[in-house]
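Grab a pencil and work through these short exercises with the structure open beside you. Each task comes with a solution that goes step by step.

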Amino acid sequence: MIEARSLTKTYGAKTAVDQVSFTVRPGLVTGFLGPNGAGKSTTMRMIVGLDRPTAGSVTVNGKAYRESHAPLHEVGVLLDAKAIHSGRSAYSHLLALGATHGIGATRVREVIEMTGLESVAKKRVGGFSLGMGQRLGIAAAMLGDPGTLILDEPVNGLDPEGVVWVRELVRYLAAEGRTVLLSSHLMSEMALTADHIIVLGKGRVLADAPVAEMVSASTVSSVRAVSPQAAEIARLLVSPDVTITSVDAQTLEIVGLTSAAVGEAAASAGIVLHELTPLKGSLEDAYMNLTADAVEYRTGAFDPSTTPMNQEASR
Amino acid sequence: MTATTPAVHHSAQHASNVRLSTVGILRSEWIKLRSLRSTVWAYAVILVLQIAIGLLVISVTVGRDGLPSGTSLTDIPGLGILGVTAGVLFAQLVVSVLGVLVISGEYSTGQIRSSFAAVPKRLPVLWAKAVVFFVVTYVVSFIGILISYLVTAPILAGAGVSSNLFSSEVIVPLLGAALYLALIGVLAMGIGAILRSTAGGIAAALGLLLVVPVIFQLIPADWSASIVDWLPGSVGRAIYDASAVFDWWQALLIMLGWIVIAFGTAAVLMRRRDA
């Protein structure tokens, strides 16, 4: 359980995290979403005491992280893949880290095996790829068998196999009753992994809700109908509660009616339907709607981080 | 690397035994120190320098090339440890660089965030690092100094200058010289902890040893000369070599004063700053 109360961090005149309050519960995977510069990483660093809050407080299991008698057992943290001396081998890094808590070579070998690093464990970290660095960071986070995991962009740089592995790992850990907080820029990945989402924008909490609830609250469900007699269907369905958009000569998008209602209306008028599809909003749509005003570094109209493939992602 | 279904091994033994401890933090720093190539190389260089410079200086002196004409070898006080003290002047530079690297390397690579995440109170990391570095540097330095004495003593004996390792005129300076090297290394580590940068730390630590004394010597005033006496380099020499200004224990106290100032500053900053 992580509880943040009015957590604030300012760097000079710039406020990175602004009066943020939230609770991350055990047994769930909680996703931290937000544009670059929204304050996700800073918030994560404050949870484990690496950054000192300007105001407010954050506790892990009811007390400040620095008061823990076994910090590595309390929280396992992956902050960024570069939090490791490049001149040391993966094995030595984990051994030195574990030694602080009396964790020995047996457990070090366990986490190396678990993260698939056996073949490179004795090599110097400086030569690791981004993906291997991430695996080592996850191994370090798991070292103390922690009740809480904080993973900042864990799938960054991983191959597709690794992405699936991280997803299964965090879902498994949450199912065991652990608290899991992770951030990701991959919206489709987050939709598949997280149970609960906290959206940050410009250092504030924009939304804090279960994934399904967030999607339904922040997006509009619609129905797509394709018919050679699209114009006739549109006439049939007209009512003050219904919005009909004509996508092309044969395609309509209808908001305010279920697909069943549209189908029945067409059937009773004897109109042929070539397609009738309920369209659900995705987490990505919800996220875009929520953060539309809070994007710190905006690209042009086309945002390359959105991939059309993700549009239909739903849980 | 294969991605398989997450097999999370968590043995029951961990939950109960896993606990932050002083011994554990010391062991962690020992693992960190010995698992870097730069450390191993630096200590090897210290050993080689100490022995090679000792041999060189004693050979040249015994060969009379380094002596003013008309003086006899036996006229030179402390000749028995001349080889040792000459080597220390060079070894101190390597020790200082290593002292800075031990802490600045953690900042430059980001390792410090892993270290502080494991030990969120932070200062135990600094103390443990200093203790481990002091002990290891003392041991390595003393081994180098001892070897350099042992290989130069026969050369001197051949020239009629005999000394006894276990006499206080010999063993005390040898132990003191190793103590000086370990302390100057720890001071450099304190400077590195304040500046958090390898380049800045090395410049400051070597500057304090080599440049600052020269600057004060250039100022023609009594107070300026006294300041030079109090700087770590000359104070440190007084720990193991006869000094006109301080007794060895006074020199040791002043040296410890420098270390307390450096580490006091470093500790305050380390607690305050974001990692």
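A cut-off comes first: a residue is buried if 20 or more other C-beta atoms lie within 10 Å of its own, exposed if 12 or fewer, and partly exposed in between. Keep in mind that this is a predicted model.

**Exercise 1. Sort three loop residues**

Task: Is A:K202 buried, exposed or partly exposed, and where in chain A is its place? Then do likewise for A:N61 and A:S89.

Solution:
- Step 1. Find A:K202 in the loop between β8 and β9 of chain A.
- Step 2. Count around A:K202: 19 other C-beta atoms lie within 10 Å, so A:K202 is partly exposed.
- Step 3. Go to A:N61, in the loop that links β4 (55-60) to α2 (71-74) of chain A. A:N61 has 15 C-beta neighbours inside 10 Å, so A:N61 counts as partly exposed too.
- Step 4. Finish with A:S89, placed in the loop between β5 (75-78) and α3 (90-99) of chain A. Here 18 other C-beta atoms fall within 10 Å, and therefore A:S89 is partly exposed.

**Exercise 2. Check some phi angles**

Task: What is the sign of phi in A:N61, in A:K202 and in A:G116?

Solution:
- Step 1. Start from the background: most residues other than glycine have a negative phi.
- Step 2. A:N61 has a positive phi, near 50°, and is a residue other than glycine.
- Step 3. Phi of A:K202 is positive as well, near 50°, again in a residue other than glycine.
- Step 4. A:G116 follows α4(A) and has a positive phi near 70°. While you're there, look at helix α4 itself (residues 105-114 of chain A): its buried residues include A:R107, A:V108 and A:E110.

**Exercise 3. Trace the contacts of A:S89**

Task: Which residues does A:S89 touch, leaving out those up to four places away in sequence?

Solution:
- Step 1. Look within chain A: A:S89 touches A:A121, A:K122, A:K123, A:R124 and A:V125.
- Step 2. Now cross over to chain B, where A:S89 touches B:S35.
- Step 3. For a distance to set beside this, take A:L149, 60 residues from A:S89 along the chain: their C-alpha atoms are separated by 24 Å.

**Exercise 4. Lay out a sheet**

Task: What is the strand order in the open sheet of six strands in chain A, and which strands stand at the edges?

Solution:
- Step 1. Read across the sheet: the order is β5-β6-β7-β3-β8-β9 (chain A), and the pairing is mixed.
- Step 2. β5 and β9 (204-210) of chain A stand at the edges; each has a single partner strand, so one side of each lacks a neighbour in the sheet.
- Step 3. On average, neighbouring strands of this sheet are turned by 15° against each other, direction ignored.
- Step 4. Zoom in on one pair: β3 (residues 29-33) and β8 (residues 196-201) of chain A run in the parallel sense, over four bridges. In this pair, A:G31 stands opposite A:I197 in β8(A).
- Step 5. Add helix α11 (residues 283-291) of chain A, which packs on the sheet and touches β3, β8 and β9 of chain A. The direction of α11 makes about 30° with that of β8(A).

**Exercise 5. Describe a helix pair in chain B**

Task: How many helices and strands does chain B have, and at what angle do α8 and α10 of chain B pack?

Solution:
- Step 1. Chain B comes to eleven helices and zero strands.
- Step 2. Helix α8 (residues 198-218) and helix α10 (residues 232-240) of chain B pack at about 110°, their axes 8 Å apart. That makes α8(B) roughly perpendicular to α10(B).
- Step 3. Find the meeting residues: B:L208, B:L209 and B:P213 in α8(B) meet B:P232, B:G233 and B:S234 in α10(B).
- Step 4. Sort them by class: four nonpolar, two polar and no charged residues.

**Exercise 6. Bring the chains together**

Task: How many residues does each chain give to the contact between A and B?

Solution:
- Step 1. The contact takes 46 residues from chain A and 41 residues from chain B.
- Step 2. On the side of chain B that touches chain A, the elements giving two or more residues include α3 (37-62) and α4 (82-109) of chain B.
- Step 3. By class, that side of chain B has 17 nonpolar, 16 polar and eight charged residues.

Conventions
Residues numbered from 1 in each chain as written. Chains lettered and ligands numbered in written order. Predicted model: local features only at pLDDT ≥ 70, side-chain atom pairs only at ≥ 80, totals over all residues. Contact = placed C-beta atoms within 7 Å. Nonpolar A, V, L, I, M, F, W, Y, C, P; charged D, E, K, R; others polar. Axes fitted to C-alpha atoms, helices over the stretch in contact; angles between N-to-C directions. Parallel < 35°, antiparallel > 145°, perpendicular 65-115°, else oblique. Pairing = 2+ DSSP bridges.
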